[in-house]
Amino acid sequence: MRGLEGETEYDIESDKEHKGCRNLYAARPLPALLLVILTRSTSSSRTRLGAPGRGSSSKPSSRFATKRPRHLPTICCDTCRLAATAALLRPVAHSNTIRARNASACAVFARRVQRSSAARSLGARDATHWSVRSMAEAVGMKPTTIHRIWRAFSLQPHRTETFKLSRDPLFVEKVRDIVGLYLNPPDKAVVLCADEKAQIQALNRTQPLLPLRPGQPERRTHDYQRHGTTNLFAALDFKAGTVIGECHRRHRAVEFRKFLDTIDANVPAQLAVHLIIDNYGTHKTALIRNWLAKRPRFHVHFTPTSASWINLVERWFATLTNKQIRHGSFRSTQDLEATIKGYLQINNHSPKPFVWTKTADQIFDSLARFCQRTSGTQH
């Protein structure tokens, strides 16, 4: 029998001592996802998934103590682990490193990997991701076994999340600047996080809402009537938790300058103003630059591009949406604006400021770990 690359002849009958792979011979084909788990989770020979390796404590890890996957094959040696990695990731000619006594086991294991790849392509053809039942059907295992493996390694193929990495060349400097304002705000100054929540729709359902009942959530019609939009300009006082806000029908530099006039009138003249805003075009027009040049007490801090998460007013916008807008029904833009102004009064009557806890170095470390995990995805 030939090896993985067909370069060296091996004799199966001469392999009498390689007994650790017997479970591998009889086991059913595994998909590439499970094989990657097996190859990466074993660090020494004759190590079973979820069990301690040679030289370690006899007590298993608490993570797998009660949820250890059962009926999984044993990878008995580094040679089989090398064969699995080579067959899954890329074809590697390593016939010189395979000893003769391990040749037959690795050849059988390589054939299992190839069969599992074919089963994987057939099993996931009807969907873009695996399900418990589709993977169980592809590998010939029970769905409960697949489910235990997924739970043990926190695998959830059906879930997706969004992310966006900033490409701002001054990302580090801007993050340190803004986080420094949050953790060590300057004396005799106020830190304002300002932004616009644009195009808020005044939606009214076509039929009255059905109220909440025991065992039944609130129900509404799927269709709605749109009665126009409004734009909310808001500035969150980081230390006090109060919000300066006003609504405008349009979203231009002219409306933003009017909002700056409102901020200037509401902040005491003896205090400096540190304004945190994003890189929207209306914030950098000649009209706004001239207005800021005439008022030296205003200091502007721009957030990095694609990094709105660092502006705390965005968190306040999310609270406004959850409490007032998402479950609301508005018959006109005046009704919507009245609701927003009412919430502003409630918020300023009993403000609850947000607390920033992470330092700039902790943010960079978190981003570095994320980039290391995704370094092979061509980002």
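**Notebook: salt bridges, one loop residue and a helix pair**

I began with Asp264, which forms a salt bridge with Arg297, and the closest N and O atoms of the two are 2.6 Å apart. I note here that the model I am reading is predicted. Asp264 lies in helix 8 and Arg297 in the loop between helix 9 and strand 5 (298-302), so this pair ties together parts that are 33 residues apart in sequence. I then looked up how open each partner is: Asp264 is partly exposed, with a relative accessible area of 23%, whereas Arg297 is buried, at 18%, because buried means under 20% relative accessible area. Following the shared partners, I found that salt bridges join Asp264, Arg295 and Arg297 into one network.

Next I asked how many salt bridges a search of the whole structure finds. The search gives 9 salt bridges, and I looked at further examples.

One of them brings together the side chains of Arg249 and Glu337, with 3.0 Å from N to O. Arg249 sits in the loop between strand 3 (243-248) and helix 8 (253-266), while Glu337 belongs to helix 11, so the pair ties together parts that are 88 residues apart in sequence. Arg249 counts as partly exposed, at 46% relative accessibility, but Glu337 is buried, with a relative accessible area of 12%.

Another salt bridge links Arg159 with Glu161, and here the closest N and O atoms are 3.6 Å apart. Arg159 is partly exposed, with a relative accessible area of 47%, and Glu161 is exposed, with 67%.

I turned to Thr282, and asked whether Thr282 counts as buried or exposed. Thr282 counts as buried, because its relative accessibility is 11% and the cut-off for buried is under 20%. This residue lies in the loop between strand 4 (272-277) and helix 9 (286-293). Leaving aside neighbours within four places in sequence, I listed the residues in contact with Thr282 as Glu196, His251, Arg252, Ala253, Phe256 and Ile288.

My last entry concerns two helices. The axes of helix 10 (residues 313-325) and helix 11 (residues 333-349) come within 11 Å and cross at roughly 115 degrees, and helix 10 passes helix 11 in a right-handed crossing. On the side of helix 10 the contact is made by Trp316, Thr319, Leu320, Lys323 and Gln324, and on the side of helix 11 by Thr339, Tyr343, Leu344 and Asn347. Sorting the residues of this contact, I have 4 nonpolar, 4 polar and 1 charged. Helix 11 is also where I had placed Glu337, the partner of Arg249.

Notes: Residues are numbered from 1 along each chain as its sequence is written. This is a predicted model: local features need pLDDT of at least 70, side-chain atom pairs count only at pLDDT 80 or more; totals for chains, interfaces and linings use all residues. Side-chain values use heavy atoms; hydrogens and water are left out. Axes are lines fitted to C-alpha atoms, for helices over the stretch in contact, and angles run from 0 to 180 degrees between N-to-C directions. Helices (H or I, at least four residues) and strands (E, at least two) are DSSP runs, numbered from the N terminus. A crossing is left-handed if the near helix is turned anticlockwise from the far one by less than a right angle, and right-handed if clockwise. Contact means heavy atoms within 4.5 Å. Ala, Val, Leu, Ile, Met, Phe, Trp, Tyr, Cys and Pro count as nonpolar, Asp, Glu, Lys and Arg as charged, and the others, Gly among them, as polar. Buried means under 20% relative accessible area, exposed over 50%, partly exposed in between (1.4 Å probe, protein chains only). A salt bridge is a side-chain nitrogen of Lys or Arg within 4 Å of a carboxyl oxygen of Asp or Glu.
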